[in-house]
Amino acid sequence: MAPSPNPKSASTLRPYGPQDEPGVRELIDADRLPGQPHCTPEKLAAAQRSPVPFPLAGWTVPAWPRISVLADAEDRPYGIIAYLSWTDVRSGLICWVHAYEDPSALRALLSHALAALADCTQIEAFVGAPPGSLGPGGLPCTRRGATHDALVHTGFTGRYQGCYLHLVLPAEPPPAKLVADVFPCDYPPGHRLIIREAAEPVAEAVVSVGPGHTATVYWIETLPARRRRGLGRKLLSQALALLAEQGATKVALVLDDAQQPASESQAATRLFHSFGFTHVDQLWTYQHRRPRAPRPGA
């Protein structure tokens with residue numbers, strides 16, 4: 001990695017421009033987790049068109065997405081933040097922020113976004129999403145402790161939403177019993193595996209291979225009435241074998257266990273650990289609320 005610019009000289013906030021692409025991809029990759037793909041020019045270009053990597057139920061098309069750069073004295077990117085708002089619900093979203101974990105730069109970027117979102121009574125940050133080249137879907141609060149502190153410093157309240165797990169696939173994975181039907185899927189671009197009993201789907205997984213031989217398990221679930229019968233283990237075994245056949249060497253997944261009963265969370269953790277997944281970090285999401293302005297004459 002090229003040496004980062006001098007943080008003491010970073011003082012100019014301006015819109016993102018095409019000339020910033022190499023430096024911004026370096027910024028994003030500096031916060032990359034194990035199993036997370038590198039940020040590609042194509043992914044960054046897609047983020048310029050829409051920083052939201054997934055649809056938000058019940059929310060309309062954003063009024064305006066913005067990406068701002070914190071540049072040093074030589075106009076090189078030292079920090080970047082992406083944010084947007086919805087005018088119909090007066091809500092905003094900070095999609096991602098990177099600044100080499102420099103506290104002053106992070107606070108400057110967040111303060112800039114909050115000022116731009118001044119009309120929003122509620123602002124979310126690091127809302128959960130599947131792992132990808134622009135982030136793991138939530139803030140890894142231990143590895144990015146400075147970002148966590150900057151969010152709290154600027155008025156955000158954080159909450160745990162899940163954890164990020166990582167697996168290095170063996171060079172020669174053991175053969176898996178084929179128990180699931182496999183279908184291609186468009187979003188995410190990958191494959192859906194379904195186990196059926198008497199033509200009824202009872203367990204399902206969605207997996208995808210990304211750039212750099214990285215892969216993601218987006219979803220794996222067994223019907224409650226069919227649990228504790230080994231279906232999840234069989235399904236995950238076939239899913240990992242499929243990813244290995246497609247060239248993956250590393251796999252990431254997010255265990256969304258914040259709202260799960262402790263027994264289900266512990267069972268899922270045991271399943272993933274038994275396949276060699278390791279815990280990388282907790283993932284947090286954040287919210288900033290402002291009081292609504294009183295109506296005229298109220």
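Student: Where is the place of Arg228 in this structure?

Tutor: In this predicted model, Arg228 sits in the loop between strand S11 (214-222) and H5. Its backbone is worth a look, since Arg228 has a positive phi of about 65° although it is not a glycine.

Student: Is Arg228 buried or exposed?

Tutor: Exposure is read from the relative accessible area, and a residue counts as exposed when that value is over 50%. Arg228 has a relative accessible area of 79%, and it is therefore exposed.

Student: Which residue other than glycine has a phi near 55°?

Tutor: That residue is Tyr100, whose phi is positive as well. Tyr100 is placed in the loop between S4 and H3, and, because its relative accessibility is 18%, it counts as buried.

Student: The loop around Arg228 leads to H5, so how should I read that helix?

Tutor: The general idea is that an α-helix has 3.6 residues a turn, so residues three or four places apart point the same way. In this structure H5 (231-245) has 15 residues and reaches 21 Å from its first C-alpha to its last, close to the 21 Å expected at 1.5 Å a residue. The buried residues of H5 include Leu231, Leu235, Leu236, Ala239 and Leu243. After the helix comes Gly247, with a positive phi near 100°.

Student: How do I read a pocket, and which residues line the second largest pocket?

Tutor: Rolling a probe the size of a water molecule over the atoms shows where empty space is left. The second largest pocket has a volume of about 160 Å³, and its lining is made up of Leu167, Val168, Leu169, Pro170, Pro173, Pro174, Ser237, Leu240, Ala241 and Phe275. H5 gives the most to this lining, with three residues, while strand S7 (157-168) and H5 each supply at least two. By character, the lining residues divide into nine nonpolar, one polar and no charged.

Student: How are aromatic pairs described, and how many are there?

Tutor: A pair of aromatic rings is described by the distance of the centres and the angle of the planes. Counting rings whose centres lie within 6.5 Å, one finds four aromatic pairs. In one of them, the rings of Tyr78 and Tyr100 have centres 5.4 Å apart and planes at 40°, so this pair is tilted. Tyr78 lies in strand S3 (residues 77-86) and Tyr100 in the loop between strand S4 (91-98) and helix H3 (103-116), so the pair ties together parts that are 22 residues apart in sequence. Both Tyr78 and Tyr100 are buried.

Student: What angle do the planes of Phe272 and Phe277 make?

Tutor: Their planes stand at 70° and their centres are 5.7 Å apart, so the pair is edge-to-face. Phe272 counts as buried at 4% relative accessibility, and Phe277 is also buried, with a relative accessible area of 2%. Elsewhere, Phe126, Trp284 and Tyr286 form one aromatic cluster.

Student: With which side chains does the side chain of Gln122 make a polar contact?

Tutor: The side chain of Gln122 makes one polar contact with the side chain of Glu124, at 3.0 Å, and another with the side chain of Arg289, at 3.0 Å. Gln122 belongs to strand S5 (residues 122-125) and is buried, with a relative accessible area of 16%.

Student: Is the peptide bond from Tyr187 to Pro188 cis or trans?

Tutor: The angle to read is omega, which is near -5° here, and the bond is cis. Pro188 is found in the loop between strand S8 (181-185) and strand S9 (190-197).

Note on methods
Residues numbered from 1 in each chain as written. Predicted model: local features only at pLDDT ≥ 70, side-chain atom pairs only at ≥ 80, totals over all residues. Heavy atoms only, no water. 1 Å grid on protein atoms, 1.4 Å probe; cavity = no way out; pocket = protein on both sides within 12 Å on 5 of 7 lines; lining within 4 Å. Points joined across faces, edges and corners; volume = space filled by probe spheres on them. Helix = DSSP H or I, 4+ residues; strand = E, 2+ residues; numbered from the N terminus. Nonpolar A, V, L, I, M, F, W, Y, C, P; charged D, E, K, R; others polar. Expected span 1.5 Å × (residues − 1). Buried < 20%, exposed > 50% of the residue type's maximum accessible area, 1.4 Å probe, protein only. Phe/Tyr/Trp six-rings, centres within 6.5 Å; stacked < 30°, edge-to-face > 60°. Polar contact = N/O pair within 3.5 Å; in protein donor to acceptor, adjacent residues only side chain to side chain.
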